[in-house]
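This report examines a single protein chain, with attention to model confidence, disulfide links and backbone conformation. Please consult the sequence and structure shown below while reading.

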Amino acid sequence: SRLGFRLKESSFSPVLSDLPVLTMMFRIATLLVAELVLTAQALSPCDSEAGQVCPMSQGKEIGECLQDPAKHQLTDIDGNPREREAGEEPLELSQGCKDFIKVNSACDKEIAEHCSDMYYHGDTMLCLTTWTKRDVLGEGCAASLPQQKADDDEKEDAEKAAWRASRKGARKAAMAALEKEKQGKEKPKKKKKAKKARKGEEM
């Protein structure tokens with residue numbers, strides 16, 4: 001029985017010695033899965049159109065394919081390739097996708113330099129508007145990006161200015177009221193002093 005116990009104990013020793021390695025491998029696998037999930041959740045404005053007619057395109061090819069109906073890969077309900085039917089119109093791109101294509105075109109250089117060539121990617125807009133400083137973007141690229149954030153900042157600045165003005169006006173009114181009250185209290189004292197002076201003269 002002692003020999004059996006020793007055999008069992010020795011058979012587990014390699015596993016126990018590899019615990020740090022196994023733990024590290026588990027952590028790496030967890031990070032990879034999390035990255036895949038985040039990548040899957042980050043969708044670009046052209047993901048729907050690209051999935052329908054340009055499923056094999058990547059990067060810049062997506063924009064080239066979407067804008068050229070001749071490059072569209074049509075499939076049937078089972079996913080098998082098919083030809084365009086007579087009278088069938090090319091896929092109409094959504095306005096969001098059209099705007100995204102313009103951004104990728106106008107910001108070609110910036111995407112290559114500052115966004116790791118993430119053309120038509122789920123994080124392209126995030127990289128251009130948040131991760132990259134505004135002053136390093138070219139004029140054409142900056143003009144193609146949504147101006148909503150700047151408008152919000154201007155609105156917020158205007159609201160702050162109005163709030164400060166109202167606070168300043170209220171502060172001035174309060175100070176004026178205090179000064180008026182102070183002056184009102186000083187006048188009776190002067191009258192009392194004048195009365196005392198008159199009494200002294202009479203005596």
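## A disulfide and its partners

Which residue forms a disulfide with Cys-115? The partner is Cys-127, with the two sulfur atoms 2.0 Å apart; a disulfide is here a pair of cysteine sulfur atoms within 2.5 Å. The torsion about this S-S bond is about -95°, so the link is left-handed. Cys-115 belongs to the loop between H6 and H7, and Cys-127 to helix H7, so the disulfide ties together parts 12 residues apart in sequence. Helices are DSSP runs (H or I, at least four residues), numbered from the N terminus. Both Cys-115 and Cys-127 are buried, where buried means under 20% relative accessible area, exposed over 50%, and partly exposed in between (1.4 Å probe, protein chains only).

## Basis and confidence

This is a predicted model, in which local features need pLDDT of at least 70, side-chain atom pairs count only at pLDDT 80 or more, and totals for chains, interfaces and linings use all residues. Residues are numbered from 1 along each chain as its sequence is written, and side-chain values use heavy atoms, with hydrogens and water left out.

The mean pLDDT (the predictor's confidence in each residue, from 0 to 100) of the protein chain is 78, and 64% of its residues reach 70 or more. For residues 2–10 the pLDDT is below 50, and the stretch has zero contacts beyond near neighbours in sequence; contact means heavy atoms within 4.5 Å. Residues 33–41 likewise have pLDDT below 50 and zero contacts beyond near neighbours in sequence. Where pLDDT is low, the predicted coordinates should not be read in detail.

## The disulfide set

The structure holds four disulfides. Counting bonded cysteines along the chain, their pattern is 1-4, 2-3, 5-8, 6-7.

One of them joins Cys-54 to Cys-65 and is left-handed, with -90° about the S-S bond. Cys-54 lies in the loop between helix H3 (47–53) and helix H4 (60–67), while Cys-65 lies in helix H4. Another joins Cys-107 to Cys-141; its torsion of about 100° makes the disulfide right-handed. This pair ties together parts that are 34 residues apart in sequence, since Cys-107 is in the loop between helix H5 (95–106) and H6 and Cys-141 is in helix H8 (residues 139–144). Cys-107 is buried at 0% relative accessibility, and Cys-141 is buried at 1%.

## Positive phi in the H6–H7 loop

Most residues other than glycine have a negative phi. Ser-116, in the loop between helix H6 (108–114) and helix H7 (124–131), has a positive phi near 55°. Tyr-120 is found in the loop between H6 and H7 and has a positive phi of about 55°. Ser-116 is exposed, with a relative accessible area of 64%, whereas Tyr-120 is buried at 10%.

Conventions. Helix = DSSP H or I, 4+ residues; strand = E, 2+ residues; numbered from the N terminus.
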